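Visitor: Got a minute to go through this one with me? I'd like to start with how the elements are named.

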Amino acid sequence: MTALSDAIDDMKTVDELAQSAGISVRTTRYYASLGLLPPPTRRGRVAYYGAEHAARLSLIRALQAHGFTMAAIEKAMSRIPNDATVEDIAVQRAVLTSWSPSGPEVLDRQQLDGRAGRELTPDEVALLVETGVLEQIGRTYSPLPGFEMGVELLDVEIPVDGITEAGAAIDRHMRALRDDLNDILNRQVLEPYRSVPRTEEQSARLELTIQRLRALTLQAVVSGFERATNAAITRS
């Protein structure tokens, strides 16, 4: 047998791939049409799909379960090269699903007021959107992390420009911190993981590790800010 024949023996047709992923063939073809799956291996008129295709379908379903919109899924999948291995895709799944919310909260205008605990004016809604704690899509709204704090700030007697400037400062420094921590995560955790083949059990443990790192990182950021603030007060 040729190398191609040996490889195809370990692959699935689109029907078999869809069945193993627990979705319909039509949905599988739709994902492929969006570019979420790399081209299959063809032998004659039959297309064959490998373990990497199955891993991508599993990742798509995991992202959907975590509340990713199809547009967000397309963006995330576009960053994964076509030659990514099963291990590479497992890393992406661990990172994306561990650091994302369980699902978006979509509210109408009345529900948003209920979520805020009071009636918000149009200007206040606009300010919450501008400061990044509320997302508006058409006539619906999705509170983001920090929404409750943003609502409380509306009642603090400081100029609107002050709230906007403070929000921009926080966002600027958080982006810089995110980049530094992302670099450390890649060098110290993900690159060593990718360097050798891993089992499914090890991939599952990586997801748990990333989840724990998320909680510990948030605690560390808060503690670090408290230490810096206390040191500044002491110097003053």
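Guide: Sure. Helices here are DSSP runs of H or I with at least four residues, numbered from the N terminus. Bear in mind that this is a predicted model.

Visitor: Good. Where is Arg 118 found?

Guide: Arg 118 sits in the loop between helix 7 and helix 8.

Visitor: Is Arg 118 buried or exposed?

Guide: In between. Arg 118 has a relative accessible area of 24%, so it counts as partly exposed.

Visitor: What is Arg 118 in contact with, leaving aside neighbours within four places in sequence?

Guide: Asp 113, Glu 124, Val 151, Leu 154 and Asp 155 are its contacts on that basis. With Glu 124 there is a polar contact, side chain to side chain, at 3.2 Å.

Visitor: And which residue does Arg 118 form a salt bridge with?

Guide: Asp 155. The closest N and O atoms of Arg 118 and Asp 155 are 3.5 Å apart. This pair links distant parts of the chain, with the two positions 37 residues apart in numbering. Asp 155 lies in the loop between helix 9 (147-153) and helix 10 (160-194).

Visitor: How accessible is Asp 155?

Guide: Asp 155 has 54% relative accessibility, so it counts as exposed. The cut-off for exposed is over 50%.

Visitor: How far is Arg 118 from Arg 178?

Guide: C-alpha to C-alpha, Arg 118 and Arg 178 are 33 Å apart in space. In sequence they are 60 residues apart.

Visitor: Back to salt bridges. How many are there?

Guide: The count is eight salt bridges.

Visitor: Which residue does Arg 109 pair with?

Guide: Arg 109 forms a salt bridge with Asp 113, with 2.6 Å between the closest N and O atoms. Both residues lie in helix 7 (residues 109-116). They are four residues apart, about one turn of the helix.

Visitor: Are those two ends buried or exposed?

Guide: Asp 113 is buried, with a relative accessible area of 17%. Arg 109 is partly exposed at 26%. The line for buried is under 20%.

Visitor: What about Asp 171, which residue does its side chain meet in a salt bridge?

Guide: Arg 175. The N to O distance for Asp 171 and Arg 175 is 2.8 Å. The two are four residues apart in helix 10, so about one helical turn separates them. Asp 171 is partly exposed at 37% relative accessibility. Arg 175 is also partly exposed, at 43%.

Visitor: Which residues do salt bridges with shared partners join into one network?

Guide: Glu 105, Arg 115 and Glu 148.

Visitor: New topic: pockets. How much space lies in the second largest pocket?

Guide: About 410 Å³ lies in the second largest pocket.

Visitor: How many residues line it, and which lie nearest its centre?

Guide: The lining of the second largest pocket has 15 residues. Ala 55, Ser 58, Val 86, Ala 90 and Glu 200 lie nearest the centre.

Visitor: Which helices each supply at least two residues of that lining?

Guide: Helix 4 (51-65), helix 6 (86-98) and helix 11 (200-235) each do so. Helix 6 gives the largest share, five residues.

Visitor: And how does the lining divide by residue type?

Guide: The lining of the second largest pocket has seven nonpolar, three polar and five charged residues.

Terms used:
Residues are numbered from 1 along each chain as its sequence is written. This is a predicted model: local features need pLDDT of at least 70, side-chain atom pairs count only at pLDDT 80 or more; totals for chains, interfaces and linings use all residues. Side-chain values use heavy atoms; hydrogens and water are left out. A salt bridge is a side-chain nitrogen of Lys or Arg within 4 Å of a carboxyl oxygen of Asp or Glu. Buried means under 20% relative accessible area, exposed over 50%, partly exposed in between (1.4 Å probe, protein chains only). Contact means heavy atoms within 4.5 Å. A polar contact is a pair of N or O atoms within 3.5 Å; within protein, one must be able to donate a hydrogen and the other to accept it, and residues adjacent in sequence count only if both atoms are side-chain atoms. On a 1 Å grid over the protein atoms alone, a cavity is a set of points where a 1.4 Å probe fits but cannot get out, and a pocket is an open set with protein on both sides within 12 Å along at least five of seven lines; lining residues have an atom within 4 Å of a point. Grid points are joined across faces, edges and corners, and a volume is the space filled by probe spheres set on the points. Ala, Val, Leu, Ile, Met, Phe, Trp, Tyr, Cys and Pro count as nonpolar, Asp, Glu, Lys and Arg as charged, and the others, Gly among them, as polar.
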